[in-house]
Amino acid sequence: MRGVTGRLMLLDTASLYFRAYFGVPDSVRAPDGTPVNAVRGLLDFIDRLVRDHRPDQLVACMDADWRPQWRVELIPSYKAHRVAEEHAVGPDEEEVPDTLSPQVPVIEAVLDAVGIARVGVAGYEADDVIGTFTALAKGPVDIVTGDRDLYQLVDDARGVRVLYPLKGVGTLQHTDEAVLREKYGVGGSGYADLALLRGDPSDGLPGVPGVGEKTAAKLLAEFGDLAGILAAVEDRRSRLTPTQRRRLGEARPYLAVAPKVVRVADDVPLPDVSTALPRASRDPAALEALAARWGLGGSLERLLTTLST
């Protein structure tokens with residue numbers, strides 16, 4: 001990515017193919033009857049994103065490890081409710097719908113044959129890959145995700161925004177700092193502190209008891225950041241209520257480790273890949289075989305046409 005100054009689009013790929021799976025009927029099937037709704041839905045999503053936003057670079061970011069052990073060691077409840085099967089070695093198996101799991105390798109094979117950069121790094125989530133690409137980017141960045149955790153990367157000064165799907169990818173919330181301040185009372189730099197204070201049941205993050213989103217936003221507005229809030233706990237002259245002081249004090253062990261869990265990494269060892277938007281497919285023969293085997297039809301043809309123009 002050295003010297004890249006064009007617009008970079010980063011796809012939270014799992015977030016998008018989950019949305020495609022639930023948004024496209026499972027009657028969309030390959031010639032042998034296998035559901036390919038997530039595959040075709042994702043291809044349609046990417047086609048629309050490229051047509052509407054014209055990125056210069058595109059990366060499909062993957063979860064090489066959806067529940068990294070280093071996060072679990074800090075907060076054992078992290079995504080614990082989504083574990084389908086534990087493994088002594090390697091990542092635990094995530095609970096995924098039966099007819100979605102077989103589609104993921106097809107998605108990966110198609111992206112590779114098209115020539116769209118696909119990056120996952122052992123020991124890290126897609127969020128961390130996105131965070132590192134964003135940190136390295138020298139131009140504007142569009143992050144496409146249905147995961148609000150990535151709001152923490154929004155940075156108007158650097159041209160980093162989140163495109164959050166409201167309905168498919170045809171209706172996207174263009175999330176900049178003004179949107180975040182209006183909805184949550186914080187900018188991008190404060191969103192991680194807001195998230196760890198309020199907690200997130202979907203990720204198994206307990207948060208601070210009694211501190212919801214509005215209270216967290218008020219505390220951050222008053223004291224600046226998590227460090228300022230913790231300093232206020234020790235300062236008897238601060239304007240914390242007795243209950244807030246007690247609850248925040250009791251939550252210190254959680255607050256000591258939560259930032260590392262909630263904040264996305266920005267130092268992932270990325271592989272050396274070309275992020276350039278492909279103008280022609282990387283492996284036409286493989287792509288032709290995949291299209292025939294899985295009945296990708298118009299979805300793949302539309303994407304290839306969009307990329308070529």
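Two strands are taken as paired where DSSP finds at least two bridges between them, and the description of the sheet in this predicted model rests on that criterion. Under this definition, six strands form an open sheet with mixed pairing, in the order β5-β2-β1-β6-β7-β8. The edges of the sheet are occupied by β5 (117–119) and β8, each of which pairs on one side only. With direction ignored, neighbouring strands of the sheet are turned against each other by 25° on average. Helix α1 (residues 13–23) packs on this sheet, where it touches β1 (8–12), β2 (57–61), β6 and β7, and the direction of the helix makes about 60° with that of β1.

Strands of a sheet pair through backbone hydrogen bonds, in either the parallel or the antiparallel sense. The parallel sense is found between strand β6 (residues 141–144) and strand β7 (residues 160–167), which are paired over four bridges. Within this pairing, V141 has V160 of β7 as its bridge partner, while I143 stands opposite V162 in β7. Strand β7 and strand β8 (residues 171–175), in contrast, run antiparallel and are joined by five bridges, with Y164 placed opposite Q173 in β8. These two strands, β7 and β8, form a hairpin in which three residues lie between them, and G168 in the turn has a positive phi of about 60°.

Aromatic contacts were also examined, and a search of the whole structure finds seven aromatic pairs. One of them is formed by Y151 and Y164, whose rings are tilted, with 5.9 Å from centre to centre and 55° between the planes. Because Y151 lies in the loop between β6 and β7 whereas Y164 belongs to strand β7, the pair ties together parts that are 13 residues apart in sequence. Y164 thus takes part in this aromatic pair and also stands opposite Q173 in the neighbouring strand β8.

As for pockets, the largest one has a volume of about 1000 Å³. Its lining comprises 48 residues, among which D63, W66, K79, R82 and E94 lie nearest the centre of the pocket. By class, this lining consists of 20 nonpolar, seven polar and 21 charged residues. At least two lining residues are supplied by each of α1, β4 (93–94), α4 (103–114), α5 (126–136) and α11 (252–262). Of the contributions to the lining, that of α1 is the greatest, at six residues; helix α1 is also the element described above as packing on the sheet.

Terms used: Residues are numbered from 1 along each chain as its sequence is written. This is a predicted model: local features need pLDDT of at least 70, side-chain atom pairs count only at pLDDT 80 or more; totals for chains, interfaces and linings use all residues. Side-chain values use heavy atoms; hydrogens and water are left out. Axes are lines fitted to C-alpha atoms, for helices over the stretch in contact, and angles run from 0 to 180 degrees between N-to-C directions. Contact means heavy atoms within 4.5 Å. On a 1 Å grid over the protein atoms alone, a cavity is a set of points where a 1.4 Å probe fits but cannot get out, and a pocket is an open set with protein on both sides within 12 Å along at least five of seven lines; lining residues have an atom within 4 Å of a point. Grid points are joined across faces, edges and corners, and a volume is the space filled by probe spheres set on the points. Ala, Val, Leu, Ile, Met, Phe, Trp, Tyr, Cys and Pro count as nonpolar, Asp, Glu, Lys and Arg as charged, and the others, Gly among them, as polar. Rings of Phe, Tyr and Trp (its six-membered ring) pair if their centres lie within 6.5 Å; planes under 30 degrees apart count as stacked, over 60 as edge-to-face and the rest as tilted.
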